[in-house]
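Got the viewer open and a hand on the selection tool? Here's a short walk through the model, one stop at a time.

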Amino acid sequence: MHFDLREGRQATSMPPSPSPAPGRRTSLDTVDIVVLVIYFLLILAVGFWSMLRTKRSTVKGYFLAGKNMTWWPVGASLFASNIGSGHFIGLAGSGAAAGIGAIAYEWNGMLMVLLLGWLFLPIYIASGVVTMPEYLQKRFGGRRTQIFLTVLCLFIYIFTKISVDMYAGALFIQLALQWNIYIAVVLLLSITALYTVAGGLAAVIYTDAAQTVIMLAGGLTLMVFSFAEVGGWDALMSKYPNAIPSVRVPNSTCGIPRDDAFHIFRDPVNSDLPWPGIIIGMSIPSMWYWCSDQVIVQRSLAAKTLTHAKGGSLMAAYLKILPFFVIMLPGMISRILYTDDVACADPELCQEICDNPVGCSDTAYARLVMELLPTGLRGLMMAVMIAALMSSLTSVFNSASTIFTMDLWKTFRTRASEWELMIVGRLFVLVLVVVSVLWIPVIQASQGGQLFIYIQSISTYLQPPVSIIFLTGCFWKRTNEKGAFWGLVIGLVVGCIRMLLDFIYPAPQCFEEDDRPAVLKYVHYLYFSMLLSFITLFVVVVISLATEEPKPEQITRLTWFTRFDPVEPKEPKEQVFTVEDSTMTSEVNSSPTNGMGVTGNEEENSNGKACHHRNDSSSSVSSVQRTSKIMSAFFWLCGLERRKRGDDAPAMPPPLEEAICSLEEKPLLRRIVNVNLLICLSVTFFIIGYWA
Ligand SMILES: O[C@H]1[C@H](O)[C@@H](O)[C@H](O)[C@@H](O)[C@@H]1O
Ligand code: NA
């Protein structure tokens, strides 16, 4: 039995290569479908298991599951949310096109995820925030920085995460099965929707762990097959430089592998990834990704204790060694095996081969899957790709709708009911999806040869100003609201100008003259990242110094130096109450004895001071109790509610995971993670040094 949904035009233009591969399969067999079905059942099972599991424990809010997370689900979830289909397609494609250079992004991430655990997270925990825009609100006061950041984040998600992963996933399906790309997108979206509904958001972290296992199992299998096919490690090293396609543009270097293919640090002036840019220019956007973005930080905040969060960081860092072996090297092998197609260097030929005149290197991974793997394993790889895609999309959807409802909607509609927030959160995901699908043609047209480079250059234009704001906010007490806001605004204007220019003047192909404006021609995007960071930093520092000092409550427990400060009494406006006692809110507020939220129920932090939690949606707890049974069942299914009979759990995510304010760590465990930090850092520097 064969499942064939080929697009007519595609199918006819398909056998383009001079030597049409005879054994090339373009559809899945029954066995593959069976494997896929088993995969879905497994994920559903894990989803339900974790829903039931978290339901039995005490109910303290939607993300409660989070508050009990140990290091391994946290680490796996960090990894799974990070590595998406964009990485599978993009990293392999960049490997095929330009060698190992782009792996610097992954290995740089290893350092940044550690930075999160050891430097940034303690501050976020101490501050008791749940979302990153909320941190800015507390740290700087006012609303405009918070709102600005939220909107910006949502744009970044659309441009660099959602649309890219959907495009890559669909591209994979299209290449593997010759389905129409839009059929593929719709299919992927419905699967993700199904999964989100059935698995529930509460289950995201545990299913992420399962997705990680599948991604690694499938990826490692393909790796073994590709190394076997090419003839092992030495064969890869010796054959890659000779993987030159037979048809090339005459008198050009097009199609010839780079000399520095096996080096990360490349010429500072004439290369595709200049080394000073790799060291500094890459670290700043990467710091946004790992240390100040909701998608990642939310996972770490979900850990039981600071030590577990650090353990999660360590695990994610170790896992991030793997994409090099599992994705990038196989991509390079694909170029060796299918040189004429994957490394095509003639625009017309490329157009025929993969519908893209600029190049076909992004087909590298899919090509391996379809040519090397036996029936059954192709189904597994299909599952891998879907796992990569869904584990990233669900995390992004979750975080995006969290910040949209909490940091935007609630700011403008302070009296919004649970119902409203719930509907808004859901609808918003829909909007995100639609906008992202609309963006796909732009990616298709503008990615040039390498999808991975598209992701990273867009990131470079939008992320550095945010990193700088967080960096200065966390580590320089003198930073104030005006400095931060204007730094962000001016930095973004500059970044957006460059981004627009990039879209207007696409990079020339290898045989074309570079007649772009000088800012594009001479300022590599990694150098631009350095420039942009510097401009932002300059604005933040100058304006902060020129204006008034931040107030004490904007510093206490909100910077590195003040993270151990005693908890300040809350401003009277804010409702303060203990976690266990959400129904007592009104009394708590009116009673002078515990109006500070200092009651017996509270946790002790490392200073022995009480740590209190804010629950934004406490006011509507009672209305929730009236919700009908059918609706509760519906909510439960949608992952909107985790409710135990007799419990007064709020029906809606917004209560969020309670802030874990305690920075306390057990000395022994602390020593263990610290020793591990040293080991992990050594490993990171060793591999980077080895491939330098
Ligand atoms: O996986 C990488 C990550 O390691 C980098 O730190 C980040 O900057 C990139 O955008 C992402 O694709
Ligand atoms: Na993923």
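Start at ligand 1, where helix H6 supplies the largest share of the surrounding shell, 5 residues. Keep in mind as you click around that this is a predicted model.

**Stop 1: around ligand 1**

Select ligand 1 and show what surrounds it: you should pick up 13 residues, with Tyr105, Glu106, Gly109, Ser286 and Tyr289 the closest. Now colour by element. Helix H6 (103–127), helix H13 (283–292) and helix H22 (451–462) are the elements that each give two or more residues to this shell. What does the shell around ligand 1 look like by class? Colour by class and you'll find 6 nonpolar, 6 polar and 1 charged residues there.

**Stop 2: H22 and its partner H8**

Stay with H22 and add helix H8, residues 144–177. The two axes come within 11 Å and cross at roughly 180°. Anything over 145 degrees counts as roughly antiparallel, so that is how H8 and H22 run relative to each other. To see where they meet, show side chains for Leu152, Ile156, Phe159, Thr160, Val164 and Ala168 on H8, then Leu451, Ile455, Ile458, Ser459 and Leu462 on H22. This contact divides into 9 nonpolar and 2 polar residues, with no charged ones.

**Stop 3: Cys474**

Next, move along to helix H23 (residues 464–475) and pick out Cys474. Is Cys474 buried or exposed? It counts as buried, because it has 24 C-beta neighbours inside 10 Å and the cut-off for buried is 20 or more. Leaving aside residues up to four places away in sequence, Cys474 touches Phe120, Ile123, Thr559 and Trp560. For a sense of scale, draw a distance from Cys474 to Ser252: their C-alpha atoms are separated by 50 Å, and the two residues are 222 apart along the chain.

**Stop 4: Arg478**

Now step into the loop between H23 and H24, where Arg478 sits. With 14 C-beta neighbours inside 10 Å, Arg478 counts as partly exposed. Its contacts, again not counting residues up to four places away in sequence, are Ser544, Leu545 and Glu549. Try another distance here: Arg478 and Ile555 are 77 residues apart in sequence, yet 8.9 Å apart in space, C-alpha to C-alpha.

**Stop 5: H24 against H26**

Select helix H24 (residues 481–504) together with helix H26 (residues 525–546). Two packed helices are described by the angle between their axes and the distance between the axes. For this pair, the axes come within 8 Å and cross at roughly 155°. H24 and H26 are therefore roughly antiparallel to each other, and their crossing is right-handed. On the H24 side, light up Lys482, Gly483, Ala484, Trp486, Gly487, Ile490, Gly491, Val494, Gly495 and Arg498. On the H26 side, the contact residues are Phe528, Leu532, Ile535, Thr536, Val539, Val540, Val541, Ile543 and Ser544. By class, this contact has 11 nonpolar, 6 polar and 2 charged residues. You may recognise Ser544 of H26, since Arg478 touches that residue too.

**Last stop: zoom out**

Clear the selections and look at the whole chain, which has 30 helices and 2 strands. Of its 692 residues, 52% are buried. And which contacts account for 81% of those with a separation of 6 or more? They are the ones between residues 24 or more positions apart.

Note on methods:
Residues numbered from 1 in each chain as written. Chains lettered and ligands numbered in written order. Predicted model: local features only at pLDDT ≥ 70, side-chain atom pairs only at ≥ 80, totals over all residues. Axes fitted to C-alpha atoms, helices over the stretch in contact; angles between N-to-C directions. Helix = DSSP H or I, 4+ residues; strand = E, 2+ residues; numbered from the N terminus. Parallel < 35°, antiparallel > 145°, perpendicular 65-115°, else oblique. Left-handed = near helix turned anticlockwise from the far one by under 90°. Contact = placed C-beta atoms within 7 Å. Nonpolar A, V, L, I, M, F, W, Y, C, P; charged D, E, K, R; others polar. Near = placed C-beta within 6 Å. Buried ≥ 20, exposed ≤ 12 C-beta atoms within 10 Å, placed from the backbone.
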